[in-house]
Amino acid sequence: MKLLVTGGAGFIGSHFINYWIKNHPDDNIVNLDNLTYAGSLVNLQQVIDSPNYEFVKGDISDMPLVEKIMNGVGIVVHFAAETHVDRSIMDPWPFIQSNLVGTYTLLEVAKKHKIQRFHHISTDEVFGTLELDKDHKFNEETKYNPRSPYSATKAGSDHLVRAYFYTYNLPITISNCSNNFGPAMYPEKLIPLAITNALEDKKIPIHGDGKNERDWLFVEDHISAIELILEKGKIGETYLVGGLKSGMSNLDTVKKILSLMGKDEDLIQMVADRPGNDRRYDIDWSKIRKELGWEPKHNFEDGLKITIDWYRENEEWWRKIKSGEFKDYYAKQFGNDGL
Ligand code: NAD
Ligand code: DAU
């Protein structure tokens, strides 16, 4: 089978490709990625010389290019997106272009090529926010209520994917997952930012009162969920994928990281809140457990230890990022807080 993976040079996409080439040696993968600031071919060193892997540098909204490379493809696994909420607040346009126009382009070509499966990777952020101190969770029936430009474009892309199923019978599946963490995540997101700043003995910014909660999912567990959906998922269905740690505030998450790293909590610096910062995410993942037999294998602490070790051992990777485009972004984002 030939797979077209979009956004395969990013954090989750590269974990997927590395896993898939190793565990499905009869399959071929074409990775379409335009290498934005978040994409890196270094993440794909282990497959780069593999005969069943091909990289194409290009944009998912480039219709002629997508037409060309979708020839012979059986399965599309669509990761490519602009993904960072704070950047979407600074400038929504790239999010509209990649997440909406890009997804439309892929769907349109997939329809023409009669592909066997279009799997769309989405997020729990499309559901908006949950209140603190209540035990309700997101599930597959939860109404969409996106609150940032990022989540609004992801919600729009989910609607487009479903529209192609109902209108054109395109064989789709969708997964909406919670916050991933793990090796090789771009250090703009909370966990890799906290780890790399701690390694540099720099202050770690915490938005608002630090009480917001996320439902942390180790990236390898996310990949195993996608594999099951591709192999056993029902066409037209959506599956929610969550982690083994919910109910932990951002502040406690960073304190946990600092304690595992043997660093002092005075590295924490409270900063202005993110506008519209969703208070709590929590996922009920019983559907994928009952129907496909999935469950996460990594508890939060094990996942954090693996992640911390990776950033310790791969300083060159993140130091190169932090000395480049990231510096301007960071100054714009946290300059007013003196960071
Ligand atoms: P990432 O930001 O690390 O990587 C995104 C990749 O997509 C990059 O390699 C980038 O170059 C590529 N890309 C962006 N726009 C493109 C375009 N127009 N054409 C071609 N390539 C393009 O993202 P990630 O964290 O790996 O997220 C992957 C997917 O998973 C996204 O769809 C995201 O919405 C979703 N998701 C992520 C998380 C998370 O916690 N990281 C959680 C839920 C869902
Ligand atoms: O829930 C899934 C989503 O998780 C994905 O769809 C997004 O692509 C991904 O970026 C992530 O979004 P979040 O906004 O939840 O992740 P982030 O790491 O940016 O922020 C997590 C929480 O931590 C949020 O409440 C804001 C806060 N935060 C974030 C950063 C970067 C801080 O307190 N300090 C920070 O420096």
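1. Starting with the runner-up: the second largest pocket holds about 280 Å³ of space. Bear in mind throughout that this is a predicted model.

2. If you want to centre a box there, 19 residues line the second largest pocket, and those nearest its centre are Ser40, Val42, Trp317, Lys320 and Ile321. By class, its lining splits into ten nonpolar, six polar and three charged residues.

3. On secondary structure, α11 (315-322) and α12 (325-334) each put at least two residues into the lining of the second largest pocket. The top contributor is α11, with four residues. At the domain level, domain 1 (2-181 + 217-241) and domain 2 (190-213 + 245-281 + 298-326) each give at least three residues to this lining.

4. Now the largest pocket, which has a volume of about 490 Å³. Its lining counts 20 residues, with Ser14, His15, Asn18, Asn43 and Gln46 the closest to the centre.

5. What is the class make-up of the lining of the largest pocket? There are nine polar, eight nonpolar and three charged residues.

6. Helix-wise, at least two lining residues of the largest pocket come from each of α1 (11-23) and α7 (219-232). The largest share belongs to α1, which supplies six residues.

7. Which domains line the largest pocket? Domain 1 (2-181 + 217-241) and domain 2 (190-213 + 245-281 + 298-326) each provide at least three residues. The lining of the second largest pocket likewise draws at least three from each of domain 1 and domain 2.

Terms used
Residues are numbered from 1 along each chain as its sequence is written. Chains are lettered from A and ligands numbered from 1 in the order in which they are written. This is a predicted model: local features need pLDDT of at least 70, side-chain atom pairs count only at pLDDT 80 or more; totals for chains, interfaces and linings use all residues. Side-chain values use heavy atoms; hydrogens and water are left out. On a 1 Å grid over the protein atoms alone, a cavity is a set of points where a 1.4 Å probe fits but cannot get out, and a pocket is an open set with protein on both sides within 12 Å along at least five of seven lines; lining residues have an atom within 4 Å of a point. Grid points are joined across faces, edges and corners, and a volume is the space filled by probe spheres set on the points. Ala, Val, Leu, Ile, Met, Phe, Trp, Tyr, Cys and Pro count as nonpolar, Asp, Glu, Lys and Arg as charged, and the others, Gly among them, as polar. Domain bounds come from an automatic or database domain assignment.
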